[in-house]
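Visitor: I would like a close look at a single part, followed by whatever surroundings help to place it. Please give the cut-offs as the terms come up.

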Amino acid sequence: MAETKDRKSFLDKDYTRRQFLKLSGKSLVGLTFSASLISALGVSAKSLAEDKVRVWAFPQGLLVVDADRCVGCQRCEINCTLTNDGCCSSYISRVKVTRNLYSSRNGTGLYTEDNWTYFPDTCRQCKKPFCGEACPMGAIYADDLGVRRVDTEKCIGCGACTEACPWHMPTVNPVTHKSSKCVMCGACAEGCPSGALSIVPWDMIVSASQKT
Amino acid sequence: MSVKNGINGWAGTILRVNLTTGAITKEDTLPKYKPFIGGMGIGYKVIWDEVPLNTDPLGPDAKCVFGVGPLTASGVPCSGRMNITLLSCWSKGYSIVDAHMGGHIAHAFKYAGYDAMIVEGQSDKPVYIRIEDEKVTIEDASHVWGKGTFETNATLAKENGPEFDVASIGPAGENLVPMSNIVTSFGNSGGAGIGALLGSKKVKAVVVRGTGAVKIAEPMKVRLLSNYMIKDLVGGNNNHTVPCHAQSWSEYVATNNRWQGAPGITWDKASKGPIDMGEQPSGQINVAALRCNKGVFDFGEIAEKYTVKQGGCSSCPVRCYTEYDMDPLADYDLPTHVSNTCMPIIKMLEWYPNHKDADGNSVPSTHDFVDEKDAKMILGGAGSRAADEYGVWCNYGNLYEDFNMAYTTGVLKDVADKLYPGEWDEIPWDLMESGDPRWLFEVYRRISLGKGLFSDLGLGTYRLYEKWGMDDPAKNVAGVSFYDFVNGKNFNIGHNGYPRHHGPENCWQAGTLYSMMYNRDCMIHHLINFCSSGAPYNEITKPVLEHFFGEGCTDPQKHYTPINENKIKLAKWAFIGKQWHDSATLCNWMYPMTIATSKKRNYIGDLDLDAKYMTAVTGEEYTREDQERDSERISQLLRVMTAVSFKLNLGSTNLRKDHDKVSEWVFDKEPDFKPFEEGTVKLDREDWEKSLDMWYEAMGWNKETGIPTRATLEKFDLKDCADKLEELGLI
């Protein structure tokens with residue numbers, strides 16, 4: 001996709017978090033981005049054009065996932081569980097890279113010949129959440145910021161959320177028997193040493209999107 | 001709380017797998033093994049208590065101990081190491097050794113709920129050990145027996161599911177070749193003959209999935225300490241703390257080191273086009289993994305052309321395994337995906353010595369592939385893949401240096417004619433002479449067979465030299481001792497069958513002392529890290545080191561000074577610190593944090609960081625003094641076990657004479673120089689003897705024999721060791 005100034009679109013204009021929420025998790029292929037916004041996202045026009053980069057709206061900004069930069073260190077899972085669970089684990093992490101690292105369901109990983117493809121999966125924060133809709137107890141709710149959380153008082157650990165999520169992101173902790181999912185705390189991106197996960201603050205997005 | 005066991009740091013359980021009976025049992029880690037920390041320490045204690053040191057290393061009574069420690073998978077950076085303890089089947093004395101591997105399996109194992117796994121007995125058919133949390137089973141492995149490690153790991157990972165990690169042995173281990181390893185992830189391996197030991201037990205692989213967690217006393221403290229380390233302390237691989245290429249924020253630029261990431265240094269084969277590594281200022285977390293580019297360090301900027309990304313181990317922000325897609329190998333029907341670091345990938349040209357043409361002229365055996373001078377990299381890629389495929393361990397380079405020396409001195413041909421008549425003509429030397437990468441697959445295949453000329457190389461230096469007469473000038477056509485003679489390929493540190501691992505050539509007497517202390521290469525990086533960090537000597541290295549260890553503790557490169565008390569202090573810190581790292585477990589290529597990247601710290605590192613992590617993880621106050629006491633306990637146990645092995649297996653009562661004897665080339669090299677002159681790294685014989693005296697005294701060992709005294713051992717609660725030494729007449 002060319003970084004042209006003359007091709008204006010909705011996305012070149014005044015970005016707000018709400019507007020990005022509409023885009024969140026979707027492919028960015030075919031959309032036109034200004035050079036300044038591409039720069040703010042820390043990615044290349046080519047990566048956007050080839051669908052290698054995904055973005056997710058977080059309260060703090062836009063979460064950018066760049067698979068090519070992922071080095072497989074699992075620090076995202078480590079920082080997620082240290083922050084949210086008071087322990088260190090991979091399985092219950094809300095961001096998941098380990099399951100893509102060895103021999104993933106997608107046929108990628110170190111034990112395949114798929115040219116070093118592995119990357120972190122993140123919660124999509126779906127507008128109509130499969131997890132929440134599947135929960136028989138109504139335990140998954142949206143907070144004031146729109147972040148979907150698990151009410152552990154209501155959760156019975158049945159795993160319906162895990163099964164319903166197309167990406168199996170919510171995970172029932174085998175010890176507490178409570179489900180957990182991403183609460184958009186940002187610890188994964190803050191501790192990512194390669195920039196594979198990054199959060200671009202909203203003010204930077206707005207500022208960049210107003211430039212031509 | 002999200003953790004089952006209620007213990008901070010340790011998983012709390014040791015697994016025992018008996019392959020003869022099929023029994024799988026569990027026992028508590030604590031309190032018995034707490035004084036030995038974890039990993040290597042648990043391994044040593046188990047072997048000391050359970051395996052007589054004259055046990056056949058490949059017999060039914062041999063055991064090995066897979067171990068991780070309280071910091072493994074605790075969130076602490078660079079805690080992805082697994083230690084495997086066993087008895088050597090290849091080095092002098094057949095004593096205690098360790099294999100060490102990175103990758104991701106240490107985390108999986110700890111998450112599954114184990115601090116260690118003792119493997120004992122022997123199976124009568126090929127099996128693999130399957131660990132899925134508390135469910136541990138012995139499974140049939142006949143379908144992967146005979147397969148290479150890449151195929152085995154791929155097959156077992158696929159069969160068991162996406163969250164299972166695998167470590168496997170190759171044909172070399174199956175055929176009981178001593179120079180054999182276990183391979184996990186992609187090229188991450190542990191050596192020391194563990195392949196042969198597992199092969200003798202018919203264990204092809206270990207397959208692990210862990211859905212559990214490690215309990216942390218102060219999780220946010222661990223996160224903050226980790227952030228502080230990544231921001232202010234850690235640099236590139238080997239903790240090289242000054243960037244190699246000018247960066248706008250950096251006060252200094254290194255001449256050459258592993259911090260090769262910089263603007264303009266790219267991963268050209270990233271799927272969506274080149275990724276520029278950019279600047280990586282001290283103080284920033286999100287660029288830390290872009291500091292190291294081992295490929296460019298190893299092969300120059302040509303490596304960028306084939307780089308996809310930089311890989312490495314669980315929890316580590318410093319990526320030392322460049323992941324390549326080397327297209328030129330496809331022309332030879334070889335796999336193009338390659339990843340490894342150091343010896344197995346950088347020294348493959350040693351398998352291609354100059355050969356003689358029809359007129360008797362010496363001609364090079366290698367050629368460029370696509371670009372000028374790319375042979376070292378392309379052949380390196382092929383060789384590392386071949387070595388790991390067959391599960392062959394290189395003994396820190398001695399495997400190919402021994403071949404190179406034997407070939408160029410005529411010993412190889414002479415031995416072949418005498419021991420293996422007819423075999424020479426069956427070897428496809430044309431592959432070697434034409435620089436064909438398939439030569440490497442042929443070499444490693446032959447080594448892995450367990451019989452024939454090349455498989456003798458797989459015996460390891462000690463048994464090879466004995467078999468081929470290379471240890472005695474009167475017994476080989478070259479007329480030299482290959483342990484002692486001055487030759488650019490001779491890196492034997494002593495007469496025990498293994499080389500120095502950053503010894504006198506970089507780290508003066510200190511490196512030589514600790515290179516002598518093990519029954520394999522020492523794998524200590526405490527000193528080489530700051531010696532080659534890229535920090536200027538007078539402005540940073542000397543003041544920082546003297547801040548920690550006192551005046552005169554360190555020397556500039558190639559300008560050494562006589563031994564002194566502070567050098568001994570530094571050497572002892574490094575020696576016992578290595579045991580700490582393999583027990584905790586932390587990566588010794590990165591720790592300790594001696595020199596910092598941060599100018600505002602005056603580049604002074606933090607030698608207390610490891611203990612701070614222990615306190616935050618376990619919730620029990622742990623100081624650097626505690627760390628050094630426990631590490632020295634393990635170090636004393638290493639020395640005791642070495643002494644007992646030498647007595648039982650060789651009849652020796654004197655380690656100074658029979659174990660710690662340094663090769664002559666260390667003193668004889670560079671004849672135009674005298675020791676301690678600027679420009680040489682040769683050592684002085686008299687000064688070395690004085691160094692040993694001071695070292696033994698610092699370690700609490702008898703100066704005549706180099707064996708620990710009863711007082712020393714009782715100081716570390718090792719009375720049973722003292723009693724055993726007394727029983728054997730060693731104290």
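Which residue in β17(B) is the bridge partner of Gln310(B)?

Guide: The bridge partner of Gln310(B) in β17(B) is Thr322(B). The model is predicted, with local features requiring pLDDT of at least 70 and side-chain atom pairs counted only at pLDDT 80 or more, while totals for chains, interfaces and linings use all residues. Residues are numbered from 1 along each chain as its sequence is written, chains are lettered from A and ligands numbered from 1 in the order in which they are written, and side-chain values use heavy atoms, leaving out hydrogens and water.

The pair belongs to four bridges that join β16(B) to β17(B), residues 321-325, and these strands run antiparallel. Strands here are DSSP runs of E with at least two residues, helices are runs of H or I with at least four, and both are numbered from the N terminus; two strands pair if DSSP finds at least two bridges between them. With β18 added, the three strands of chain B make an open antiparallel sheet in the order β16-β17-β18. Its edges are β16 (307-311) and β18 (337-339) of chain B, each with a single partner strand, so one side of each has no neighbour in the sheet. Neighbouring strands are turned by 20° against each other on average, direction ignored, where axes are lines fitted to C-alpha atoms (for helices over the stretch in contact) and angles run from 0 to 180 degrees between N-to-C directions.

Chain B also holds an open sheet of six strands, in the order β8-β7-β12-β9-β10-β11, and its pairing is mixed. Here β8 (135-140) and β11 (188-190) of chain B stand at the edges with a single partner strand each, so one side of each is left without a neighbour in the sheet. Three bridges join β10(B), residues 182-184, to β11(B) in an antiparallel arrangement, and one of the pairs sets Ile182(B) against Gly190(B). Helix α3 of chain B, residues 149-160, lies across β7, β9, β10 and β12 of that chain and runs at about 145° to β9(B).

Another strand of chain B, β4, residues 82-87, has six of its six residues buried, so the rest of the structure largely encloses it. Buried means under 20% relative accessible area, exposed over 50% and partly exposed in between, with a 1.4 Å probe and protein chains only. Met82(B), Ile84(B) and Leu86(B) point one way from β4(B), while Asn83(B), Thr85(B) and Leu87(B) point the other way. In a regular strand, side chains alternate between the two faces of the sheet. Three bridges link β4(B) to the antiparallel β3(B), residues 63-67, and six link it to β5(B), residues 96-101, also antiparallel. Asn83(B) stands opposite Gly67(B) and has His100(B) as its bridge partner in β5(B).

Beyond the strands, the largest nonpolar core (buried Ala, Val, Leu, Ile, Met, Phe, Trp, Tyr and Cys residues joined through side-chain atoms within 4.5 Å) has 202 residues, and among those with the most contacts inside it are Trp351(B) and Tyr444(B). Helix α19 of chain B, residues 565-584, gives the most to this core, with nine residues. A second, separate core of 39 residues draws on both chains and includes Phe119(A), Ala196(A), Val144(B) and Val207(B). Leaving aside neighbours within four places in sequence, Tyr444(B) is in contact (heavy atoms within 4.5 Å) with residues including Trp351(B), Tyr390(B) and Tyr400(B).

Arg385(B) sits in helix α9(B), residues 375-390, and counts as buried at 5% relative accessibility. With the sequence neighbours within four places again set aside, its contacts include Glu113(A), Phe150(B), His337(B) and Phe441(B). Further along, helix α24(B), residues 685-699, has end C-alpha atoms 21 Å apart, in agreement with the 21 Å expected of its 15 residues, the expected span being 1.5 Å times one less than the number of residues. Its buried residues, among them Trp688(B) and Trp695(B), pack against several helices of chain B, including α16, α19 and α21.

In chain A, which has nine helices and eight strands, buried residues make up 58% of the 212 residues. Val95(A), in the loop between β3 and α5 of chain A, counts as buried at 4% relative accessibility.
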